[in-house]
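Here is a guided walk through a structure you haven't met before. Have the sequence and the 3D view open side by side, and we'll take things one region at a time.

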Amino acid sequence: MIVTHTGQVTPHLRQHLLQQRPVTVWFTGLSGAGKSTLAYALEERLHARGFASFVLDGDNLRHRLNRDLGFSASERTENIRRVAEVAALMNEAGLMVFTALISPQQDDRSMARSIVGEGRFLEVYVSTPLPVCEERDPKGLYDKARAGVIPHFTGVSAPYEAPEAPDLGINTEGISLDSAIEQVLALLTRRGFIAQP
């Protein structure tokens, strides 16, 4: 029989200790949109301000926690489920979490929101257009997808379902990284997760 155990250190106590409210900011968008760049820059900016946070990057997780998963529809869903569960645990520990995953299916993102919890989940759609993402192509993936080397590649041979009502949309084409960071910080401030500096 599996029994849930509860410790004496409550979320309220952790929040008081760290002087922050835990949140998961779920960055979604096409490959090359700028999700990881934004997530890591945000982590660095908040660290400098004294906040404890961590980035869960999709590529990094597929080298470790999710190295046993491929890219079929069911495996993508399991990838999202695992990341959401880790994010929820990190939030329970009092941390702010920034995920950077394509997460192309609306149902999967909704599942992630339900796992993390409505009150501490913010969906940020990095809406950089496909041609810009292809032009950047930092990993050479679009070229391989167009050549048929990578099957079921989101944006080329597999669909991406854009969020209908994200908490924030950011198109990184034509704006600075600083400007993008400020937009996310403004969202976190408006929602009461961080205070004005």
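What follows starts with one helix, moves on to cores and open spaces, and ends with a few single residues.

A quick word on the ground rules: this is a predicted model, where local features need pLDDT of at least 70, side-chain atom pairs count only at pLDDT 80 or more, and totals for chains, interfaces and linings use all residues. Residues are numbered from 1 along each chain as its sequence is written, and side-chain values use heavy atoms, with hydrogens and water left out.

Let's begin with helix α2, which covers residues 35-48 (helices, H or I, of at least four residues and strands, E, of at least two are DSSP runs, numbered from the N terminus). Its 14 residues reach 20 Å from the first C-alpha to the last. That is close to the 20 Å expected at 1.5 Å a residue, where the expected span is 1.5 Å times one less than the number of residues. Which residues of α2 are buried? They are Lys35, Leu38, Ala39, Ala41, Leu42, Glu43 and Leu46; buried means under 20% relative accessible area, exposed over 50%, and partly exposed in between, with a 1.4 Å probe and protein chains only. It helps to know that an α-helix has 3.6 residues a turn, so residues three or four places apart point the same way. The cover over the buried residues of α2 includes the strands β1 (23-28), β2 (53-57), β3 (96-100), β4 (121-126) and β5 (168-170), along with helix α8 (177-190).

At the other extreme, Ala48 also belongs to α2, but Ala48 counts as exposed because its relative accessible area is 68%. Just after the helix, Gly50 takes a positive phi of about 95 degrees.

Now follow Leu46 inwards. Leaving aside neighbours within four places in sequence, Leu46 is in contact (heavy atoms within 4.5 Å) with Phe51, Met96, Phe98, Leu185, Leu188 and Ile194. Leu46 is also part of the largest nonpolar core, which has 34 residues; such a core is a set of buried Ala, Val, Leu, Ile, Met, Phe, Trp, Tyr and Cys residues joined through side-chain atoms within 4.5 Å. Phe27, Leu46, Met96, Phe98 and Leu188 touch the most other members. At least two residues each come from β1, α2, β3, β4, α7 (141-146), β5 and α8, and α8 gives the most, with 6 residues. Apart from this core lies another one of 13 residues, among them Leu61, Ile80, Met90 and Val116. As a general point, nonpolar side chains in soluble globular proteins tend to be buried together.

Next, the spaces. On a 1 Å grid over the protein atoms alone, a cavity is a set of points where a 1.4 Å probe fits but cannot get out, while a pocket is an open set with protein on both sides within 12 Å along at least five of seven lines; lining residues have an atom within 4 Å of a point. The largest pocket has a volume of about 810 Å³, a volume being the space filled by probe spheres set on the points, which are joined across faces, edges and corners. Of the 36 residues lining this pocket, Ser31, Lys35, Asp59, Ile102 and Lys139 lie nearest its centre. Helices α2, α3 (58-63), α4 (73-92) and α8 each supply at least two residues of the lining.

There is also 1 cavity of 30 Å³ or more. Its lining is made up of Pro11, Arg14, Gln15, Pro22, Asn91, Glu92, Ala93 and Gly94, and the largest share, 3 residues, comes from α1 (11-18).

Finally, some single residues. Most residues other than glycine have a negative phi. Ser103, in the loop between β3 and α5 (106-116), has a positive phi near 40 degrees, and Ser103 is buried, with a relative accessible area of 3%. His152, in the loop between α7 and β5, has a positive phi of about 55 degrees, yet His152 is exposed at 52% relative accessibility.

Buried or exposed: which is Ala87? Ala87, in helix α4, is buried, with a relative accessible area of 0%. Beyond its neighbours within four places in sequence, Ala87 is in contact with Thr24, Leu56, Val97 and Val116.
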